[in-house]
There are 2 protein chains.
Amino acid sequence: MPRRNSLGNLLQPAALRFAALTGLVLALGAAALSWVSLQHSVRLIPTELYAIAIAIFFAVLGGWAGHSLTARRPETRVFSRNDAAMASLGVTVREYEVLTHIAGGRTNKEIARKLGVSPNTIKSQAASLFGKLGAARRIDAIRKARALSLIP
Amino acid sequence: MPRRNSLGNLLQPAALRFAALTGLVLALGAAALSWVSLQHSVRLIPTELYAIAIAIFFAVLGGWAGHSLTARRPETRVFSRNDAAMASLGVTVREYEVLTHIAGGRTNKEIARKLGVSPNTIKSQAASLFGKLGAARRIDAIRKARALSLIP
DNA sequence: CCCGTTTTCACCCTTTCGGGTGATGGACGC
DNA sequence: GCGTCCATCACCCGAAAGGGTGAAAACGGG
C-alpha cells in the first residue's frame, strides 16, 4: 500500500496549487504596498520587508501544514466499528467473529475449520446471531450488520 | 462525473475567498505597519515579538487556507457502474438484473416471482453469472461484483 | 434466411443453510 | 451453592443453493 509522506504531500497537485496561489497573492500584495509607498513618498523600511518575508514564509508553512493534516486520501478511509450497536444487540465476541467470516463469504464448514470447532457450533452461533440481527439468511445478516456499521 | 482541474480549483469560491482575504489582510497589515512606523518614531514593541506575532498570524491563516482548500466535505458519494468490467466479463443485462436481486438478499424463488420467470431460470442465470464472476457462492458474487464496482 | 447469442425451462444430484430442540461444561456474580 | 450467560456439540428435518446437462424459443445482425 503506497503511503504518502511529507515530501509526497508537498509534491501533490493541491499543495503546489496552494503554494502558487499564495505566492501570487503575496506578490500582488507586495506590489500594492510598493505602489502605495510610492504614491505617498514613503520609503519601505527594512522592517516591513522583514515582516513580509516572515508572513510569506509562515503563510506557506501554515498552508502546507493545514493541507497535510486535512487532506484525506480515499484509500486511507478507516472503518470504526459501532460497538454501541453491538452491545445493545447483545452480540457476543464469538458471534461477531462468526459474522466477520460470514461476511467474508466463507461457509459454516470453513469457519468451523478456521476456528477449530465443530460445524454444528458455527451453526448454533450463526443462528443466534441471525436472531439478534433479525436476519433470515446470511446475506441479510451482512446487509443489516453493514447498515449498523458492525462491519465495513 | 465532474472532474476538477487546476483552473477549476483556482476558481472555486473557497480559493477566491482565500485570495481576496489574504490580499486584504496583507494590505491592511502593511498599511497599519506603515502608519504605526510613521506615527511613532519610537518602536512600541520589540521587533522580535512583532515578528513572532506576524509569524503566528500568518501560520494560522495559512493553516486555515490549506484546510479550506483541501478538506474533503462528506461529499455526495455517487456510485457509477463499471460498464467496462461488465462488458469484459460478458455479463448480460439479465444476469446483472439477477445480480442486483442477489445482492438485495433475495432468494432465487423470490427473484423468479419478481421477474415473472421460473426458479430454474434464475438458477441457470445465477450459475452463469457465478461462472463469469469466478464466484462459488452468492456472497462471493456480491463481494466480487462490489470489488469490480458492478454494484454499490 | 441462417447463425450466434440470449433467454427460458427442465431434470438430476449434492452441498449448504437455517430452524428447532436438547445437552454439557465453564465462568461469573449474588 | 445456584441461577445465568456463554460456548460447545449433537441430531433431525426442510428449504435453499449450487453443479451438471440438455434443450426449446426468441432475438438480432450479417
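In this predicted model, the largest share of the surface near DNA strand D comes from α7(B), which supplies 5 residues. That surface takes in 22 residues, and T92(A), R94(A), V117(A), T107(B) and R137(B) sit closest to the strand. Both protein chains chip in: α5 (93-103) and α7 (119-133) of chain A, along with α6 (108-115) and α7 (119-133) of chain B, each give two or more residues. Sorted by class, the surface near DNA strand D holds 10 polar, 6 charged and 6 nonpolar residues.

Then there is DNA strand C. Here α7(A) gives the most, with 5 residues. Around DNA strand C there are 22 residues, of which T107(A), T92(B), R94(B), V117(B) and T121(B) come nearest. At least two residues apiece are supplied by α6 (108-115) and α7 of chain A and by α5 (93-103) and α7 of chain B. The class split for the surface near DNA strand C reads 6 nonpolar, 10 polar and 6 charged.

As for the fold, chain A has 8 helices and 0 strands, so its element string, read from the N terminus, is simply α-α-α-α-α-α-α-α. Of its 152 residues, 26% count as buried. If one takes the contacts in chain A between residues at least 6 apart in sequence, 65% of them join residues at least 24 apart.

Confidence is uneven along chain A. The pLDDT averages 78, and 61% of the residues score at least 70. Residues 1-10 of chain A fall below 50, and this stretch makes 9 contacts in the model beyond near neighbours in sequence.

What holds the most contacts inside the largest nonpolar core? That core has 32 residues, and the answer is a pair, L99(A) and L99(B). Two or more residues each come from α5, α7 and α8 (138-147) of chain A and from α5, α7 and α8 (138-147) of chain B. A second, separate core is made of 13 residues, among them A59(B), L61(B), A65(B) and L69(B). Back at L99(A), once neighbours within four places in sequence are set aside, the contacts are with L129(A), A141(A), A145(A), L150(A) and I151(A).

Two of those partners, A141(A) and A145(A), also turn up among the buried residues of α8(A), which are R138(A), I139(A), A141(A), I142(A) and A145(A). These buried residues lie on the same side of α8(A), because they cover an arc of only 160° around the axis. Their cover includes α5 and α7 of chain A as well as α8 of chain B.

Just past that helix comes a backbone oddity. S149(A), in the segment after α8 of chain A, has a positive phi of about 60° although it is not a glycine. Most residues other than glycine have a negative phi. S149(A) counts as partly exposed because it has 15 C-beta neighbours inside 10 Å, and a residue needs 20 or more to be called buried. In chain B, S149(B) lies in the segment after α8 and takes a positive phi near 60°, again in a residue other than glycine. With 15 C-beta neighbours inside 10 Å, S149(B) is therefore partly exposed.

Conventions
Residues are numbered from 1 along each chain as its sequence is written. Chains are lettered from A and ligands numbered from 1 in the order in which they are written. This is a predicted model: local features need pLDDT of at least 70, side-chain atom pairs count only at pLDDT 80 or more; totals for chains, interfaces and linings use all residues. A residue is near a molecule or strand if its C-beta atom, placed from the backbone, lies within 6 Å of it. Helices (H or I, at least four residues) and strands (E, at least two) are DSSP runs, numbered from the N terminus. Ala, Val, Leu, Ile, Met, Phe, Trp, Tyr, Cys and Pro count as nonpolar, Asp, Glu, Lys and Arg as charged, and the others, Gly among them, as polar. A residue is buried if 20 or more other C-beta atoms lie within 10 Å of its own, exposed if 12 or fewer, and partly exposed in between; C-beta atoms are placed from the backbone. Two residues are in contact if their C-beta atoms, placed from the backbone, lie within 7 Å. A nonpolar core is a set of buried Ala, Val, Leu, Ile, Met, Phe, Trp, Tyr and Cys residues joined through C-beta atoms within 7 Å. The arc is that of the directions from the helix axis to the C-beta atoms. pLDDT is the predictor's confidence in each residue, from 0 to 100.
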